[in-house]
Each structure stands twice: as structure tokens, then as C-alpha cells.
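These are my notebook entries on a predicted model. I set down what I looked up, one topic at a time.

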Amino acid sequence: MSAQKPPTKTQTVSYGIVGQSIDQVTRSVPENEPPPLPANASLKVIGKPVDRLDAVQKVTGKARFTFDVQLPGMLYARRVVSRVAHARVISVDTSEAETYPGVRAVHVLNQPLLQHARLRDEKADAAARYPTIRYFGQPVAAIAAESQRAADAAARLVKIVYEALPHATTLEAAMQEGAPLVFPGPTEQPSTAGGGGAPPGLPQRGNVRGPDTGQMFGLPRGDAAAAVSGAEIVVDAEYRTQVQTHVPMEPHAMVADWREDSLTIYASTQFTTSVRDEAADMFELPKSRVRVISDFTGGGFGAKYGIGNFGLLAINLSRKAGAPVRMVLDRREEHVSSGNRPDSLQHLTLGATGDGRLTAIQLESHGTGGVAAGAGVGFAHALMYPCANVSQQQYDVFTNAGPCAAFRAPGQVQGIFALEQSLDELAHRLGLDPIELRDRIDTGPTDDARARKVERQVGAEKFGWSGRRAPNADSGAVKRGMGMAQSQWVSVIHPPTSCEVRITDDGSVEAFTSAQDVGTGTRTVLAQVVAEEFGLRAEDVGAHIGDTRYPSGPPSGGSRVTGSLTPAARNAAYRAARELAARLAPALEANADDIVFESGRVGVRGAPATWMPFKDAVKKAGVTEISHRAVRQDDYEGYMMSMPQFAVGRHGIGGVQFAEIDVDTETGSVKVRRLVAVHDCGRPINPKLTESQIYGGVIQGLSYALYEERHLDPASGIHLNANVDQYKIAGSREIPEIEVHILEQLGGQSSTDARGVAEPANVATAAAIANAFFNATGKRIRRLPLTPANVLDALRA
Amino acid sequence: MDQQGNSTILGPGAGIVTLLVNGRAVRAMADPGTTLAEVLRYGLGLTGTKIGCDRGACSACTVWLDGEVAASCMTLALDARGRQITTIEGLADGAALHAVQRAFVEHDAMQCGFCTPGMVMSCAALVERNPACTLDDVKAAVSGHLCRCGTYPNVFKATLAAAAQRRTSAADAESRR
Amino acid sequence: MDSFEWVDATSVEQAVALLTAAAGPGGPVVAKAGGIDLIDLIKEGVVRPARVVNLRSIEGLDRIAFDERGGLSIDALVTLAQIESSPEVRGRYPALAESARHAATPQVRNAATIGGNLLQRPRCWYLRNHYFHDDGVDAAAALASGEHQYHAIFDNAACALVHASTPATALVAYGARVHLAGPGGRERTVPLHEFLRPPRFEQDRDTTIEPGEILTRVTVPAAARGTRAAYHKQTERDSYDWPICDVAVVLEMNGDAVAAASIVLGWVAPTPRRASASEQALIGKPLTEALAREAAAHAVAGATPLAKNRFKVPILEAVVRRTLRAAAGA
């Protein structure tokens, strides 16, 4: 039976940037879609800076993270990890650990590890009884005991006999002909719930897998090599970025409670569904018997999907011990084994005409994600600026280091560091203002390109861009400069997102989603969107999240929660409100369509005498319970690409950032004085929370640009700075003045028109700072981080 | 001390430790290797205090000892005897939030919330000690705190707002005398 | 952390006796003041004490006193926060106050004592990883051919470890002495710059403190009239960070001319390094920009940086020059 398209109707919706120009366009929308929302200025709750609903819990210490979950009879776990970088495991002797007082279970990993690349030919490693060790600190086993102290002591008693193999820890060493092989043959790594991974079936020579030639983005286009040789101007440069670790303040944490008929998992996660699904899959359980709960997740940034190897261990231990098991990584383990942003070595060639139009983009990149694939450098080359001739070859290089994981705009941060600097160089060589150049070439037909035009204008004005001087204008040791860079990200939707809204007889209104909150404010935006339909305040709506028993919600990744969840929530709320109106109508002797909800009251439009408080209306309507569920509909114009679990909108999201820095040319010290970030996110549901997200992205971008660097000891493969005093993230004194401006852009794609913002926010910052470096000193710095050592090298070049 | 004037040897096993927490004397089991953070969280169920790095490098575990900020992960439980310990749970006065807590809520000075209790403790200590604090003073007071979500700008705003409010209510109280 | 025995010492003599008593088979007997260094080493598995002697319970070991003749006396249990905020230290030994102000975090400064700070082991990421203490691992060689960005650029042939204490840089510049109480009631005093010895992986202490001894006090001579001082800690990150280098300058002036100079460089040599040639270059002259530049050049002459810490050389030179100028203008 062929699928039938649901019935549709035509709807006139606003399209454009509020405050710039708004057109009315028609869309074909599902028949039961709510009416379009006006611009935020006309709304009561949406678009307002409502206080985060869980703020009080967070400031009083009452918010319970997985880190805080304590169940009766709970055991404490500790992993046993490898003390070599590359080895076959000959034996694992757990006998002393098993009899240590307080120990209740021991488990040794004996299956292919999650998050690692896998051999295409599984038989190549099949003789091994235990997984091959491929990085120092790789998990081998775990202990569950009655106290953390006992688990830690017992873990030290596990004896592992290794047959050491040669290892390679750096990108350059691993790329060499004849380098020690991390994997004995070609590998695959499908992407996971969080993205990451690499395209299937690519060739692999030694440790180098690829090239990914960008087929997913329609590459190659035209003939880039020919276009480069024929170009009037060629900008050709090599860029180097570093490995970055996620450093969520709450480490990876899980409490696994295996019972005879159910498995309950408390998880610090970005995607409750992924934890359930992976647990069900790995332990061959029906999903109906697996429940995942996540009230608060203390940061994820891409690393917290699925159950991970530590989760495999925790669940096995719980099953064996018949008790809940708490497994929390310590800060060293967190740095080493739970994910990182790969490094990159990029060779980027741009060809352009004399007036700046791009005729060619050629990119070759290598990067290492350790024992995992996923070191691509994004898609900005393919999608951001119109260009007829584009080719790319992106390679993964395996090294004996911890596996990479998706990290806030995976690949794009690295790629835009290169692209936006090469464009800055192009502008300089042509004697064009960098903004003028972008005005000429950032002319795609998408909403993000339109938004960036406004963002450039607004940003330039707010920042004082006209005060920018020629490069190297200061004669003293400290040189000041300004730079700008642009960002682009895709609008990702989670198609299965659904939301239930429920009205109960006492006037309670609740909304339910399995989605989690990693700090972006899921509860609050959900409540706002539902409250708007009922004329209530956000704090009047019970927003229930973080439980896989609730309707399936989106991952907190890919900047997709708000864009996926709010239309489903609105639609469910709208239907519930319409049903309430229909049941109230007879009592008010009116048409259901004339019943409206406003300022906490309900009544007939134009008949003030009929108005009553919301609670009373629910009672008067004789409601015991009204419940509606709605699924996220397709974007009104359809998607650019869609699969059951993942869709990409026709229009992206973006931003433009401006940085002013001081460079101390004697000490190599770089200080960011101020930053202006102008971003779009469709319709901002809560500008206060959106601003916080943008601060967060900018600060992560600044931190990546200036301070963060993983140091591995080459001889042992040990991650030396697996702590937070020597792995340096931005602290309070690193924070400059940051000014944020948010556009309200209506795309006419969904019943809320909300899009995400998290990833565009951290994509452009490093490039803006590097461009400011050129303006300050007249020298390009194409290497991250901008540590004093790297800065002094760049200045001497 | 024993009869010969020798000090008693405590540990290595656990024993009862009496601590003054949020104004009350409480007893918990601890051995000499137990940190204050551990005894608060696992011995007393006060999970508001978080452990982000367990090395005194992120300040998520900040509590007050005699009103001064301390890294509870780097304080041994036995070293906290006889000192007034204030945790995040003890900052509000019942349902009445501390001015800094209210300001954090209003200025959205949190995102994931894991670093928040520690931040609040440091900012509240600053505002109590120096209501005339400047932005530099705030940055110095939280210079040991790490926040990966990037709440710093709003932490600064919230703390300065709470300090301003303190100054105003102090001035009001003064003028009423 | 594993547990250990704990004894609350009530006097210096008792603490000495406890530390001198034979350790049991379970590990060493160690002293603890603020615990900041010790707890870190225990958590990293580098130190596994059988017994900890708590010094914090000793009364009367936490005073700062100053008099015009004797100078400054800082008891061992005085915290870095107390040093930073002491009016005597700020007024008369500003480089010391500044070094304490920039050490670690506010939380750590409230707990860390000056005794523990001077006795702490290096912050080297090889030394603080128990793997590099295993038999058969040559940590010094690993460091020499590995990641030594933050290690010594002078006297680094045998071992590139550097002392971690930044207050030590200022204290050496002020001519500080440490006072030790030992077994049998013995007391001795040693100049700080002799007390600190080059750190080594195979040592369990990097000072000349002897088994059973306790550091009880640090004293600093009274400064001559017209002494000027400055201190600078150069870091990658301002919030808190270990230094690339730190520099303390103490100048005794004779009118506009420098009568005596003490220029101490930290984190660039195994122990705080007196830049003697720089000091000599200043004597009898007014400290102009040109002279500061010359003295700074002397300070880095003879540096033997390793492959990955060459960047420290020009930075050290700039910091010496600027700190000299700051001291002159102080």
C-alpha cells in the first residue's frame, strides 16, 4: 500500500528578518497545523527572557545530576585501564580483585569496543581473546564494590599481561610510510547518534583512511584544479589545529540498575534514546524493558551519546552483582577515553577573480581522532560560499590515542579556521575590506546567507569596525587589531520528535518529552511554547523531560532540540487547547472557534462577561483529562535531505563574529579585549537563554583558539595533561567584554520557526581572533592554539 | 591524647567524625583519607557540592570554612573538625534565597548547572565581604572556577547586581536608623 | 585515596618525634600542613603514606611578625592568603605579597601554607604520574626527549625538573632563610636558596630537609631604606596557571643609582636562579631602559633550552627587563 500524503491546506506565513524586511509567503502545510505565530513582539511568552525554570534548583544545589544519584544498595565502580599504548592482551587475572573485601562483581571487556573504528574484516583480530589495546588508558575491565575505596583498591590488583606493539601518537608520525599500524587492516566507523564517524568503504593505506571526497555534499563540483591554474588570484596555505577535549564539568556518569525484569539507567547524556537503544542492542533486551532517566546533564558538547564502553562495563557489573552500580569517570579518564575533537592539517587553495569572487576551492586535510574515525573538517567549503569548482580530500589518520567524538560543530570549527582566514588573506591582497568581500561572495539563496548580510552590518556597527586600521599599525611591543569571521551550520531536525501535552481536571497543564537538558534550557523553552497556546505563564506549565518513558524527543546535539521539539509541543498544545475550547463551548453557548486563551483567562472573544480563570474553565468544561500528542512535521518547504532519524533543512543557521585583540610581541601573549557576536536562530524562543548559549560558544571558541592543547608523551603514549590545571580552558580572567545580538528570522518552515544556535556560536571565534592577529601584527598565524610559543614562531616567520 | 600525653592515632579505618555543617553538629563516618567533599556528599547526603576534578583545580567543590572559600575535595574531613562548614544547601535562609542566588536566577548565570553551586558560594562570600566589589574583584573571586558552558559573563552581572542590592539595602537600613 | 593513620601533633617536638619514629612496613610517615601538595601526590599514587602527622593542630605556628631590626618572620603554617593580605608584607615586601597573590586559586591560597609551599614537589606532569615512578621507567629520559615545554632552560642536562614554588622566587630575592626543628631538640637555619636543591625523580624530597625535621619558620631580613621591589609571574592563562617563568627583583637604591640588586628567576632552572651577571651590570648605575635591556640580555645568556622550551628564552628576557623597570619605578 503506498503511503499517502496527509491532507494539506495553504497558509500565509511571514518570511524575513524582523526589523529588516518581512514578506508574506504561502506555504502548503498539514491540514491540522496551528495558525502561524506572529513576530515575537506580539507574543506573550515566546520570545521573552523568561527565567530558566530549573534555575532555583541549580543555585540551591537541589538539581540532581547522575553524579548525585544514590540508590539503596548501590555499588561503586572503577575501571581497569591499559598501561601501554599498543599491545595484545595475553591474560587478565582478576582473581585477587574478586576476593578483595567488598567486591561484588568484576567484568572484563571481551567484545569490540564502542566508539572505536572496527576492522572491516573482523577475523583479522578474531584470534585475540581480549580487545587489542590501542591507546594508553583504554578500558579493559571494571570492578564493582561496596565502597569507592574498595573498588579502587581492587582495580589495582588486576594483573594484565601485555605483548607490547609499536605505537604512533602524532599525526605526522602515523602518516609516514612504514609507521606502526594502529589497525592491522581497513576499518569502518559508522556514525553514531551523535554524528561523528566517517563515510563507509573508503580506502585505507596504513593508518590513513580516505579520501572522503564530499559526495554527501555533491562534491566534487566542476574542475577545481583547472580553475586554480586559471585563477587571477590564488591563496594557498596550510593550517594546523590541535586536539581539543570536551571537558564537561560533570564527567561521564551512569548508574545502571539491572533487575530481573528491567534495566533502569540514570545517565549523564545528550540523548536519552541513544542510551536506551544502545543498551537494548548490546544486552539484547526489548526497549520496553529499558528505561533511561536524565534530570540534568552537566555538559556534553558532543561526547555523551550512547552507553560508551564505561556503560557496557557498568551494566554488566550491575547484572552480575544484582545491584545498582555507579560508574563515574574521574577527570583523567574523562580526558583520555571519552572523546575529543580531532586535530587537523589542512592544505587549502582558493582561486578567485580580481574582484574577489571564488572560482575554485581545493582542500586536502588530514586529522587524527585517535582510534576512531571522524577527523573531517566540515562542509563550509562545499556549502557556505557559491563556487563552481570545489574539490576536497579529507583523510582520517589513526593514532594510538583516545577515540574522538563529535564536538560542538564537528569538523566545522577546524574547517572555518582555515577558510575564513584564507578569505581574509584574499581580501587583504585585493585591498578589500573583509566585510566587503563577504558582501560580494556570501550570496547564496539560503536564509543563513541572508541573515549573515544583516549580521555583518549590525556587527560592524556595534563593534566599531570602521575603526579598523591597516595591519601592524602599532609600533610598540603591544599591537592591537580587529578581525571578523563568519559561521555556518546546518539546521538539523530530529523527525521522530513528538511531544505530549496534558490538561488535568484541576487546571494543571503538563508537557512531556524524553529529551534531556544539557544546559540549553529544554524545560523552559518547552514550557514557554506550551504556555503561549493556553495564555499561561511558563512557570504554570509542568515541563517533564529526561525520561525515555515520555514521548521520543531529540538529541541535544546538532543544535536541534529547539527546532525539533517546539513545533511538536506547540502542535500538541494547540490541539489540547482546541479540544478544551470545544468542550467548553456548549457551557458558554458559543462556537469553539471563538473561545480564546489570554493572560491566564479563557472566554469568548468580545464577550468579557464570559471570561474566567483557566482552572475554572477546565472545570466548567467537565474535563478529567485531555491529552494530545503531536509529531514534528516536515519543514513546510521540505528538507534538503532526510532519513528516518535525521533531517537537514534547506536553510542553515549562521553568525558573524568580530574580535579585537592585543598581541604582546615580546612575550607572545594574546589578550582578547572584546568580541561582538551576531547570530540567527530562526525565531528565538527565549533570548536570555539564547544569549547564554552564544556566550558559551564564543567562550569555547576563544578557549580553543588560545589555550587548549592535549599533550601526549611520545614514548609512552600517556596523556600528560589529563587534568584541568595543565589542560587549560578559559577562566574568569580570560573573558573579554562580549556583546551578543540575536536576529529574529522567520523562515516559514514550522509552527514555531525556531532553529538552533549552539554550534554556529563556537565556529567563527578562532578565525575571528586569528584574523585580528593578522590585523594587529601583519603576520598570519595559521596554527592553533595561539600560545606564546606558537605566537612567537609566527611573529618570527 | 592518651594518658601518656601522646596523641591518639586515628585510622586507617573509619571512625565517627563530628562536623559543624550549616549551623548544626552532625556525625558521619570518615577515615583519615576521606575528603570533606566525600563526607558531605556520601556521608551526609548533601550532594549540592560537586566534584569536578578532585584536585582543587576547578573549584566546583567550593564550600565555606569559617566563612572563607575552601576546596572541599582538597580538604580532609578531619581537617574540617571544629570549623563552621557552610555548603550550598546552607546558603539560603529556608525558602528565602541569598541575594546572589536570586541574582543568578534573574541573570541566567547558569547553564548545565554543575559548576553553579561552587560559583554561588564564591560570589556570595565576595558580596558579603565586599559589597563595593568591582568587576575585577568578581573575576578574582571566581578566578579558580572553571565553567565549560560559558556562564562567566552572567555570573559577573549577577554578582555585581547582588552587590549593588546589598549596598542599597545597607543604605536603606542605615537611613532608617 | 587510600586511607592512612593520622596523628594530631600538639607541639613541634612531638611532631619531630613522630616523624623520626621508624615507619611501619606500610609506607612512609609524612607531615601535613595545608595538605595541598600532599593530597595531590597521594591522589596521583605517587606517595602512599602509612601515617600522616597533622601539623595544623600545633598552636602558635601561624603568626606573621615584623620588626625593624629582625625583619619579617612568617611561621610555617601561615597561609598564602594571610601572606597576601598582611599589611607588613604588602608594605615592606611587596614582591612577596604579589607572588602569594598570584599563586593558585583563592580556595587553595586559603589552605596552602608557606611551609608546604616551599617543600612542595615539582608540578611536572611526568613526576605527578605514578607510571613514571615504576621500576624500569627512566622518567628523566622521558622528560628530556618528551614534553618539557614548562621545564628548565638552564642546568638541565641531568634533569629538567624545576621547583614549583613562586613565593620562593620572591623569598630568595629578599634573602630569606628557613628555620628547621629536628630530632633531639636541634634547630638550624639555612638560606632558602641553599635549602632548595635540584629536584630529581628518584628523590622523595627536593630540599635539604632531613628525615624527622620540620620547617617551622621563614625569616626575611629587614630591607634597607629605599628598597624597591617588583615581581612578575608570566603565564599562558591569567585566571590561574603555572608560570612560563616568574621573576623577582629587589633593588637597594643609593639615590638614583642601584646599590645592590637581587634578581631571581623562577621556573627556568632547577632551583630559583640568581641572575648574577645581570645584578653586577646594574651596580652603581641608574636603571634606565637601556640598562634594563642589557641586564635582561645577561639573564638569558648561557641558557641551554631543550627542543620544546626555546620559547621561554625571549619571554624570560622580556619579563626580566619589564620587572626591572617596574622595580625601578616602584
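**Entry 1. Chain B against chain A.** I searched the interface of chain B and chain A for salt bridges and obtained five. One of the pairs I noted is Asp108(B) with Arg52(A), whose side chains meet in a salt bridge at 2.8 Å, N to O. I then turned to polar contacts across the interface of chain B and chain A and recorded 23 residue pairs, both residues of each pair being at pLDDT 80 or more.

I next asked which helices of chain B each supply at least two residues of the side that touches chain A. I listed α1 (36-43), α2 (99-106), α3 (116-129), α4 and α5 (152-176) of chain B. Of the elements, α5(B) gives the most to this side, with five residues. By class, I found 22 nonpolar, 13 polar and nine charged residues on the side of chain B that touches chain A.

For the extent of the contact, I noted 44 residues from chain B and 50 residues from chain A. The area buried between chain B and chain A came to about 3800 Å², with 58% of it on carbon and sulfur atoms. Within chain B, the residues that lose the most area to chain A are Gln111(B), Phe114(B) and Arg148(B), which together account for 22% of what that side buries.

**Entry 2. Chain B against chain C.** I repeated the search for the interface of chain B and chain C, where the rule finds six salt bridges. I looked up Asp79(B) and found a salt bridge with Arg56(C), in which the closest N and O atoms are 3.0 Å apart. For polar contacts between chain B and chain C, I recorded 14 residue pairs, both residues at pLDDT 80 or more.

I then listed the elements of chain B that each supply at least two residues of the side touching chain C: β1 (9-10), β5 (68-71) and α4 (135-141). The most comes from β5(B), with four residues. I sorted the side of chain B that touches chain C by class and obtained 17 nonpolar, 14 polar and seven charged residues.

The contact brings together 38 residues of chain B and 29 residues of chain C. I noted a buried area of about 2600 Å² between chain B and chain C, of which carbon and sulfur atoms give 52%. Which three residues supply more than any other three of the area that chain B buries against chain C? I found Arg55(B), Met74(B) and Asp79(B), with 24%.

**Entry 3. Strands joined between chains B and C.** I checked the pairing of β1(B) and found two bridges to strand β1 (residues 5-8) of chain C, the two strands running antiparallel. In this pairing, Leu10(B) stands opposite Trp6(C) in β1(C).

**Entry 4. A sheet in chain A.** I traced an open sheet of three strands in chain A, in the order β2-β1-β36, with antiparallel pairing. The edge strands are β2 (21-30) and β36 (745-746) of chain A, each of which pairs on one side only. Strand β1 (residues 8-17) of chain A is joined to β36(A) by two bridges. I asked which residue in β36(A) is the bridge partner of Ile17(A) and noted Gln745(A).

**Entry 5. Confidence.** I recorded an ipTM of 0.97 and a pTM of 0.98 for the model. For chain C, I noted a mean pLDDT of 96, with 99% of its residues at 70 or more.

Methods. Residues are numbered from 1 along each chain as its sequence is written. Chains are lettered from A and ligands numbered from 1 in the order in which they are written. Side-chain values use heavy atoms; hydrogens and water are left out. pLDDT is the predictor's confidence in each residue, from 0 to 100. Contact means heavy atoms within 4.5 Å. Buried area is the accessible area (1.4 Å probe) that two parts lose on being put together, summed over both. A salt bridge is a side-chain nitrogen of Lys or Arg within 4 Å of a carboxyl oxygen of Asp or Glu. A polar contact is a pair of N or O atoms within 3.5 Å; within protein, one must be able to donate a hydrogen and the other to accept it, and residues adjacent in sequence count only if both atoms are side-chain atoms. Ala, Val, Leu, Ile, Met, Phe, Trp, Tyr, Cys and Pro count as nonpolar, Asp, Glu, Lys and Arg as charged, and the others, Gly among them, as polar. Two strands pair if DSSP finds at least two bridges between them.
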